[in-house]
Amino acid sequence: MKIAVTGATGQLGHLVIQALSQQTAPENIIALVRDTKKAQHFVEQGIDVRFFDYSQSESLRPALDGVDRLLLISGSEVGQRVPQHQAVIDAAVQASVPYIAYTSLLHADTNPLSLAAEHKATEALIQDSGLAYALLRNNWYIENYLGSLAHTVAEGKLYGAAETSKISAASRQDYAQAAANVLIKAPSGNPVYELAGSPAFTLAELASTIGQVYNTPVEYINLTATEYSQALVAAGLPQGLVNVIVDADIQATQGAMYSESNDLATLLGHETTSLQHLIEQQKTA
Ligand SMILES: NC(=O)c1ccc[n+]([C@@H]2O[C@H](COP(=O)([O-])OP(=O)(O)OC[C@H]3O[C@@H](n4cnc5c(N)ncnc54)[C@H](OP(=O)(O)O)[C@@H]3O)[C@@H](O)[C@H]2O)c1
């Protein structure tokens, strides 16, 4: 049983490979990567590393030889992802890969986030491909909110534009473990999993939890979309990323980040990782 993971050198991909390694032998795992130099540690673990660049379609079909289950981790080149994913799905069909899982977005078919369109289009390509599949509709990573933790703690202020909306984010590790569990079991019936963390939190609750872990007051400051966007640009973030972050907060106020689904905990077999635990982990890292 050969299980292949695209984007294996990425943050989620690494965690999926790690989770798979705990459930199957390394020779059953194939790391599909666009830069083999970044994957030498996989080679040392006995994992089969193959070159696989979504934009180089000739690299795709041969790399899928003998693959029984494929995890397509959505690409990071926003705007390019539909043709890139299409090329991967076409190659999977040509290589007769029996099962594909795809890391999509929570409620991809109805989600108002600007990022949702590419996920919705990819899901449709998979559904039309004739392959057996599982859709892993991941909500936001908690880590997205912890990128500037040291700065937040030093300033005692957490900025955002999500008002009092509830956010059911979960850790990358949980999404990765769930993906590995799906790849190992290959559940039939083309399941669609809405993957979200519990309990949901507001950004004010996030600020307060950071404050508790670091034993210092941290206040949530809600900004308008324009103010938040200007602040992120001033902090040096690229405009494209700023647009995604601000859009996420604004759409959160309409419920886009909230879910009552237990699918993630069910796939994991336990509760999702708590916000407090993740912040404590980052503090000691
Ligand atoms: N749910 C969320 O909150 C959230 C947040 C951010 C991203 N995402 C999505 O989830 C995906 C995985 O997240 P992540 O944190 O692991 O992101 P990441 O660390 O940026 O990993 C993205 C992976 O995609 C690979 N990749 C990008 N373009 C490629 C191409 N043309 N051909 C082959 N591989 C390509 C990258 O290769 P290299 O290692 O060579 O760079 C990397 O391994 C992202 O790509 C994005 O679609 C979700």
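Colleague: How many residues surround the ligand, and which are the closest?

Modeller: Keep in mind that this is a predicted model. To be counted, a residue needs a heavy atom within 4 Å of the ligand. Here 23 residues surround the ligand, and the closest are Thr 9, Leu 12, Ser 74, Gly 75 and Tyr 141.

Colleague: And how do those residues of the shell divide into nonpolar, polar and charged?

Modeller: Eleven are polar, six are nonpolar and six are charged.

Colleague: Which backbone atoms should I look at, say for Ser 74?

Modeller: Look for pairs of N or O atoms within 3.5 Å. At Ser 74, a backbone N or O atom sits 2.6 Å from an oxygen atom of the ligand. Gly 75 also has a backbone N or O atom by a ligand oxygen, at 2.8 Å. Gly 10 offers one too, again 2.8 Å from an oxygen atom of the ligand.

Colleague: How much of the ligand's accessible area does the protein cover?

Modeller: On its own the ligand has 890 Å² of accessible area, and the protein covers 84% of that. Helix H1 (11-21) and helix H4 (81-94) are the elements that give two or more residues to the shell.

Colleague: Now for helix packing. At roughly what angle do the axes of H9 and H10 cross?

Modeller: Compare the N-to-C directions of the two axes. For H9 (residues 225-234) and H10 (residues 239-252), the angle is roughly 145°, with the axes coming within 10 Å. The crossing is right-handed.

Colleague: Which residues make the contact?

Modeller: H9 brings Ala 225, Tyr 228, Ser 229, Leu 232 and Val 233, while the H10 side includes Val 242, Ile 245 and Asp 249. The residues of this contact divide into eight nonpolar, two polar and one charged.

Technical notes
Residues are numbered from 1 along each chain as its sequence is written. This is a predicted model: local features need pLDDT of at least 70, side-chain atom pairs count only at pLDDT 80 or more; totals for chains, interfaces and linings use all residues. Side-chain values use heavy atoms; hydrogens and water are left out. A polar contact is a pair of N or O atoms within 3.5 Å; within protein, one must be able to donate a hydrogen and the other to accept it, and residues adjacent in sequence count only if both atoms are side-chain atoms. Accessible areas come from the Shrake-Rupley method with a 1.4 Å probe; for residues, only the protein chains shown count as cover. Helices (H or I, at least four residues) and strands (E, at least two) are DSSP runs, numbered from the N terminus. Ala, Val, Leu, Ile, Met, Phe, Trp, Tyr, Cys and Pro count as nonpolar, Asp, Glu, Lys and Arg as charged, and the others, Gly among them, as polar. Axes are lines fitted to C-alpha atoms, for helices over the stretch in contact, and angles run from 0 to 180 degrees between N-to-C directions. A crossing is left-handed if the near helix is turned anticlockwise from the far one by less than a right angle, and right-handed if clockwise. Contact means heavy atoms within 4.5 Å.
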